[in-house]
Amino acid sequence: MQSWAALSSACGQCQRCGLASSRQQVVLGRGNPEAPLLLIGEAPGQQEDEQGLPFVGRSGQLLDRLLEEAGFNLSHDLYICNVVKCRPPGNRKPTREERQQCRPWLDQQIALVNPRVIVLAGATAIEALLGIKGGITKLRGQWQGGEQRWLLPVFHPAYLLRFGSEAEQSPRWFTRQDLKTARERALAPPPCSLPPP
Ligand code: SF4
């Protein structure tokens, strides 16, 4: 896939898995498609399915607030998408087969954005990109990869809705700290390639 226009057009008509029959629309992504940071969640929910944009429901509103508090310019600093582009009925977790069928679209998004940092929000994104099942409490905040591209697991904002506290060491506090760290690494100037004088 050579361009966002071609990807958007092809993905918008996708019928590869059973989720095509119940969706209202394909939810590709939002934000800056040339951003240095890509945030990947699980799958669209009801409001995302209605509006055609990822993370616009309650968890998305919380995510946007935490991102802004971490210093992000939402329209410039990042691009947001999901592992699976169509809403699973009842907001269930996407199946392994659905994730596999949808994976080429995600891979093309990663190639087009070509981010320095990928933030993996929740267990589904962590399993899809790192092949690690479970253990998010230990994994969050632990950098993976390196050199060309860094990946950072964080809690999914839907999980954070279960906890109202913003106190130090709370899940929301950890997530804000993780997002700050991710932003710093994504926006840091590239290392100078000139030899020392
Ligand atoms: S979830 Fe992905 S693979 Fe399935 S129909 Fe939607 S775009 Fe296609």
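1. A quick term before you scroll: two strands pair if DSSP finds at least two bridges between them. Keep in mind too that this is a predicted model.

2. With that in hand, look at the sheet. Six strands make it up, in the order β1-β3-β2-β4-β6-β5, and the sheet is open with mixed pairing. At its edges sit β1 (30-31) and β5 (144-146), each of which pairs on one side only.

3. Now for the β1 edge. Strand β1 runs antiparallel to β3 (residues 78-82), and two bridges link them. If you want a spot to click on, Arg 30 stands opposite Ile 80 in β3.

4. There's a helix to find here as well: α5 (residues 123-130) packs on the sheet and touches β2 (37-41), β4 (117-121), β5 and β6 (149-154). The direction of α5 makes about 130° with that of β4.

5. Over to the ligand. It has 15 residues around it, and the closest are Cys 14, Arg 16, Cys 17, Cys 86 and Cys 102. Helix α4 (residues 96-113) supplies the largest share of that shell, with four residues. Sorted by class, the shell holds 10 nonpolar, two polar and three charged residues.

6. Last stop: Arg 185, in helix α8 (residues 171-187). Arg 185 counts as partly exposed because it has 15 C-beta neighbours inside 10 Å, and that label covers the range between 12 or fewer (exposed) and 20 or more (buried). Leaving out residues up to four places away in sequence, Arg 185 touches Val 117 and Trp 150. Gln 169 is 16 residues from Arg 185 in sequence, and their C-alpha atoms are 22 Å apart in space.

Conventions:
Residues numbered from 1 in each chain as written. Predicted model: local features only at pLDDT ≥ 70, side-chain atom pairs only at ≥ 80, totals over all residues. Near = placed C-beta within 6 Å. Nonpolar A, V, L, I, M, F, W, Y, C, P; charged D, E, K, R; others polar. Contact = placed C-beta atoms within 7 Å. Axes fitted to C-alpha atoms, helices over the stretch in contact; angles between N-to-C directions.
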